[in-house]
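Reader: I'm new to this one. Could you walk me through how the chains meet?

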Amino acid sequence: MSALHIKKGSTRHSAYNLRPTFSDVQERHTLAVLVENEPGVLARVIGLFSGRGYNIESLTVAEVDHTGHLSRITIVTKGTPQVIEQIKAQLGRIIPVHDVHDLTVEGPAVERELAIFKVAGEGDKRVEALRLADIFRANVVDSTLNSFIFEITGAPDKIDAFADLMRPLGLVEVARTGVAALLRGD
Amino acid sequence: MTREMTGADMVIQTLKDQGVDTVFGYPGGAVLPIYDAIFQQNDIQHILVRHEQGAVHAAEGYARSTGKPGVVLVTSGPGATNAVTGLTDALLDSIPIIVLTGQVPTFMIGSDAFQEADTVGITRPCTKHNWLVKDTDELSGVLHEAFHVATSGRPGPVLVDIPKDVQFATGTYTIPKPSASHYQPPVKGDLESITELVAALEKAERPVFYTGGGVINSGPAASQLLRELVDATGIPITSTLMGLGAYPASGKHWLGMLGMHGLYEANMAMHGCDLMINIGARFDDRITGVLSSFSPNSTKAHIDIDPSSINKVIRVDIPIVGDVGHVLEDMLKIWKSRGRKTNAEALVSWTRQINEWRKVDCLKFADDKKVIKPQYALSRLEALTKKYDRYITTEVGQHQMWAAQFLNFEDPNRWMTSGGLGTMGYGFPASIGVQMAHPDALVVNVAGEASWLMNMQELGTAAQYKLPVKQFILNNERLGMVRQWQELLHGSRYSQSWSEALPDFVKLAEAFGAKGIICSDPADLDDAIMEMIEHDGPVVFDCLVTKHENCFPMIPSGKAHNEMLLGEADTEGAIQAGGAVLV
């Protein structure tokens with residue numbers, strides 16, 4: 001587990017650390033779910049969210065431990081504190097789920113997302129797009145005489161902000177990976 | 001121990017090593033190798049059902065009456081899809097069953113082959129876990145893990161899908177240790193929280209135990225510990241439909257079942273208590289009534305092995321995650337070590353208040369000399385069968401609620417009913433499973449005529465294996481509970497809720513070689529019930545009862561525990577628009 005840089009002590013058995021109030025406030029939480037990389041495990045996680053009516057804002061998954069066949073699913077979800085606690089407990093019930101971490105509670109955590117943007121335009125718009133990309137530390141990974149593909153990493157709101165700026169400058173297409181996140185510190 | 005054998009032989013070997021003696025199933029193309037292996041051995045008895053749904057319910061009945069997992073074997077495609085209702089039923093009631101399905105050979109998966117269905121995909125949401133095994137070398141490991149998962153933690157149904165080529169091929173048979181599995185749900189509760197609960201119990205003025213199926217699932221020791229705790233503290237106890245029998249109905253502190261059709265004293269105690277101790281129940285909507293007025297002034301403690309049950313619908317003050325038996329043991333130990341204290345003075349006036357509520361006599365009914373009242377039929381069934389080694393199953397509807405109200409259970413594992421899913425057609429096959437496990441016991445399925453018809457084909461199974469199951473059908477020629485709701489909610493417009501073109505149940509029984517009895521006169525009822533009990537073979541008892549009888553008490557939709565309807569006089573305008581959308 002230490003190789004995965006995950007803090008000891010998961011939050012899946014949520015009954016003891018439920019926050020005191022049944023509040024109606026919607027909270028955004030980032031969950032890291034460690035699962036056995038076996039067929040159908042992603043379907044189990046997604047099926048839980050759709051079957052019980054929970055939200056998925058972002059979801060990323062990849063095997064992170066090839067010898068132990070463990071995958072890390074990072075889910076960004078929204079809900080009242082009660083719903084968030086219920087999501088974690090329900091995830092904990094899935095047999096191939098080894099651990100559930102609520103990075104928002106256990107945090108602070110670093111969140112990063114990668115996105116690639118295709119922007120087409122000529123003249124001033126093209127120059128402005130390139131200038132803004134520089135400010136946002138986006139890299140040009142492909143170029144034609146009238147288009148660029150920018151690659152950008154950052155927190156999701158930074159990518160949203162970049163998308164808002166590119167839209168009037170000829171944004172054609174966006175592909176985003178979804179959020180990957182780790183707790184800060186050791 | 002490792003040995004080389006075929007996949008089909010591995011299935012049989014695993015069942016033997018797991019101590020399985022009975023399998024309920026139905027053959028088909030994709031499970032022929034396993035059926036061939038069954039043919040060549042005598043250790044495991046296979047019960048041939050008439051429909052795969054019946055196999056799963058029979059396995060549920062077997063499991064619930066023994067505490068052991070039930071095993072089902074069916075073929076691919078329609079065999080698997082027919083098992084889905086039973087799997088969902090077992091999931092909602094936390095019943096350990098293992099369903100083995102055949103699958104088309106691995107090289108044909110995904111080709112829309114004959115009798116191919118995405119079984120693991122279809123059953124993913126209705127099993128605790130499922131597996132598709134593509135390599136014979138992995139089969140024995142998965143099968144043993146399936147038993148471990150089904151029976152550990154909160155029990156539930158699991159499914160193993162086995163392609164036909166995997167059954168034919170040879171591989172290595174191994175028995176993994178259950179401790180090798182990463183699935184090890186904790187059973188011990190947090191001692192600090194248990195102490196907090198004991199402290200609350202010592203001070204409580206109006207405490208109540210609210211127990212559920214978790215006590216039964218935890219095993220007979222848990223029921224023993226519960227009895228000890230209740231009798232030593234003198235705290236009144238009520239139970240959900242699922243938990244009946246964990247505390248004896250003849251016990252001094254028994255309040256009867258709670259919930260939508262629960263007893264007045266039980267629901268009033270829940271509403272008025274200052275300490276609620278939930279043991280292995282889950283605040284189901286049939287129990288709570290409207291959440292905003294649920295037991296408004298109580299401290300709530302909840303003991304459950306499944307962390308997701310805690311704070312799911314009702315926020316509790318003292319959560320304890322753990323197995324009921326383990327937690328009760330610690331609780332008793334701590335309570336005794338602190339000097340066996342209770343708030344005795346307050347308990348006396350609490351008991352006095354409860355006795356006032358008992359005087360309402362909420363189960364009283366107007367008797368009828370001409371027509372058999374369903375309540376009368378069940379009270380006679382209770383009186384005439386209670387001295388027997390008796391197991392009761394039910395179908396779903398009014399008869400089920402009346403059975404829960406009028407039959408008394410002294411021990412756990414004696415009462416098998418579809419609680420969470422409410423599956424009409426559950427009771428008859430379940431009674432077959434119970435009878436298989438307890439060949440000499442008196443097994444009665446309390447049924448309604450509509451529910452019973454849903455799986456009546458199992459009469460063939462009962463007849464083939466000479467299982468003396470008694471089908472006690474309260475025949476009102478109506479879908480009674482649907483009709484009751486239509487009367488209360490939909491202006492007595494009885495849309496599609498009558499049973500037209502019913503069969504002659506006596507002739508139907510005789511057509512299968514079973515005994516049929518019909519009874520319509522209250523004066524004949526006792527003799528007819530005795531005739532049913534004394535017949536050595538399956539009996540279909542057609543008990544013609546009042547056609548428009550409503551089941552009371554009733555907490556109407558959208559109302560609280562203290563707003564129960566006690567009889568016809570209370571029903572006028574009882575359910576408002578907000579309640580009508582609830583089920």
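Author: Happily. Chain A and chain B bury about 1,900 Å² between them, with 56% of that on carbon and sulfur atoms. This is a predicted model, where local features need pLDDT of at least 70, side-chain atom pairs count only at pLDDT 80 or more, and totals for chains, interfaces and linings use all residues. Residues are numbered from 1 along each chain as its sequence is written, chains are lettered from A in the order in which they are written, and side-chain values use heavy atoms, leaving out hydrogens and water.

Reader: What makes that area "buried"?

Author: Buried area is the accessible area (1.4 Å probe) that two parts lose on being put together, summed over both, so the 1,900 Å² or so belongs to chain A and chain B jointly.

Reader: How many residues of each chain are in contact?

Author: Chain A gives 21 residues and chain B gives 21 residues, contact meaning heavy atoms within 4.5 Å.

Reader: Why is the pair A:Arg93 and B:Asp306 called a salt bridge?

Author: A salt bridge needs a side-chain nitrogen of Lys or Arg within 4 Å of a carboxyl oxygen of Asp or Glu. In A:Arg93 and B:Asp306 the closest N and O atoms are 3.0 Å apart, so the pair qualifies. The count between chain A and chain B is one salt bridge.

Reader: What classes of residue make up chain A's side of the contact?

Author: The side of chain A that touches chain B has ten nonpolar, six polar and five charged residues. Here Ala, Val, Leu, Ile, Met, Phe, Trp, Tyr, Cys and Pro count as nonpolar, Asp, Glu, Lys and Arg as charged, and the others, Gly among them, as polar.
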